[in-house]
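Got the model loaded in your viewer? Follow along and select things as we go.

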Amino acid sequence: MEKLATMKLADELAEAQDKILNGEAKLDTGRVYQAIDDLGVLNDPISNYFDRTEDEYYETESDHYLALTNLTGKLADLHDRILTNHVDGFVDKDEINLTYNHENVYVEGNYVPRTDMHVLVYGLKVIGAVDAIAGADLRNVLSKDAVLSLGLAAHALAENL
């Protein structure tokens, strides 16, 4: 994928987010999943993760940002998301620091699609900006749990809208 493709996808999703959330447009999960896979951060294609248990992911790949509290539960049912929310460092020295925070996509037991859309759009914008301007290998600086969260958000949006 070209360097600006992730940012372009984020911009297109931001522009279409109200239509997606209102059911007037469909989220192109194939395109989102391809962008996630193109990052090369996860060990497997994102679509292989949804049916894994939290325990399987925790033991083999997680970098322990996600709150995995139901280890027998499927990742697709996870309520926690990791939002990639800030980048700083020295681009010219390939020193990139990303910061993250937790987002809960359920409030009082109810799914809140707007939260997942925010995780997806904002996370892709930050990650896309880093990918576009930095020579750093994203696999060395980007949280696997944050990348998984992008996929979980897209999957949940597609399943619940």
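Start with Ser 143: is Ser 143 buried or exposed? Ser 143 is buried, with a relative accessible area of 4%. Keep in mind that this is a predicted model.

**Stop 1: around Ser 143**

Select Ser 143 and show its side chain; the residue sits in the loop between helix 5 and helix 6. Now put a distance label from that side chain to the backbone nitrogen of Asp 145, and you should read 3.1 Å. Do it again for the backbone nitrogen of Ala 146: a polar atom of the Ser 143 side chain lies 3.1 Å away. Next, bring up the contacts of Ser 143, skipping neighbours within four places in sequence: you get Val 41, Asp 63, Tyr 65 and Tyr 100.

**Stop 2: hop to Val 41**

Take Val 41 from that list of contacts of Ser 143. Where does Val 41 sit? Look in the loop between helix 2 and helix 3. Val 41 counts as buried, at 5% relative accessibility. Leave out residues up to four places away in sequence, and Val 41 touches Glu 61, Leu 138, Arg 139, Leu 142, Ser 143, Lys 144 and Val 147. For one more label, pick the C-alpha atoms of Val 41 and Asp 131: they are 90 residues apart along the chain, and separated by 12 Å.

**Stop 3: helix 2**

Now select residues 29-39, which is helix 2. Which residues of helix 2 are buried? Colour Thr 29, Val 32, Tyr 33, Ala 35, Ile 36 and Leu 39. Turn the view to look down the axis of helix 2: these buried residues fall within an arc of 160°, so they line one face of the helix. The background is simple: an α-helix has 3.6 residues a turn, so residues three or four places apart point the same way.

What covers those buried residues? Show helix 1 (5-21), helix 4 (113-133), helix 5 (138-141) and helix 6 (144-160), which are among the elements that cover them. Before leaving, click on Gly 40, just after helix 2, where phi is positive at about 70°.

**Stop 4: helix pairs**

Two packed helices are described by the angle between their axes and the distance between the axes. Let's take three pairs.

*Helix 2 and helix 6.* These axes come within 10 Å and cross at roughly 170°. Helix 2 and helix 6 are therefore roughly antiparallel to each other. On the helix 2 side, select Thr 29, Val 32, Tyr 33, Ile 36 and Leu 39; on the helix 6 side, select Val 147, Leu 150, Gly 151, Ala 154, His 155 and Ala 158, and you have the contact.

*Helix 1 and helix 2.* Here the packing angle is about 150°, with the axes 11 Å apart. That makes helix 1 roughly antiparallel to helix 2, since angles over 145 degrees count that way. Helix 1 passes helix 2 in a left-handed crossing. The contact is made by Leu 9, Glu 12 and Leu 13 of helix 1 with Arg 31, Val 32 and Ala 35 of helix 2.

*Helix 1 and helix 4.* This pair packs at an angle of about 165°, with the axes 8 Å apart. Helix 1 and helix 4 are therefore roughly antiparallel to each other, and their crossing is left-handed. Residues making the contact include Leu 9, Leu 13 and Gln 17 of helix 1, and Met 117, Leu 120 and Leu 124 of helix 4.

**Stop 5: into the loops**

Go to Thr 53, in the loop between helix 2 and helix 3. Is Thr 53 buried or exposed? At 17% relative accessibility, Thr 53 counts as buried; the cut-off is under 20%. With neighbours within four places set aside, Thr 53 is in contact with Leu 71, Thr 72, Gly 73, Lys 74 and Leu 75.

Then check two backbone torsions. His 64 has a positive phi of about 70° although it is not a glycine. You will find His 64 in the loop between helix 3 (54-60) and strand 1 (80-90), where it counts as partly exposed at 47% relative accessibility.

Finish on Glu 108, in the loop between strand 3 (106-107) and strand 4 (110-111). Glu 108 is not a glycine either, yet has a positive phi of about 50°. Turn on the surface there: Glu 108 is exposed, with a relative accessible area of 79%.

Definitions and conventions
Residues numbered from 1 in each chain as written. Predicted model: local features only at pLDDT ≥ 70, side-chain atom pairs only at ≥ 80, totals over all residues. Heavy atoms only, no water. Buried < 20%, exposed > 50% of the residue type's maximum accessible area, 1.4 Å probe, protein only. Helix = DSSP H or I, 4+ residues; strand = E, 2+ residues; numbered from the N terminus. Arc of directions from axis to C-beta. Contact = heavy atoms within 4.5 Å. Polar contact = N/O pair within 3.5 Å; in protein donor to acceptor, adjacent residues only side chain to side chain. Axes fitted to C-alpha atoms, helices over the stretch in contact; angles between N-to-C directions. Parallel < 35°, antiparallel > 145°, perpendicular 65-115°, else oblique. Left-handed = near helix turned anticlockwise from the far one by under 90°.
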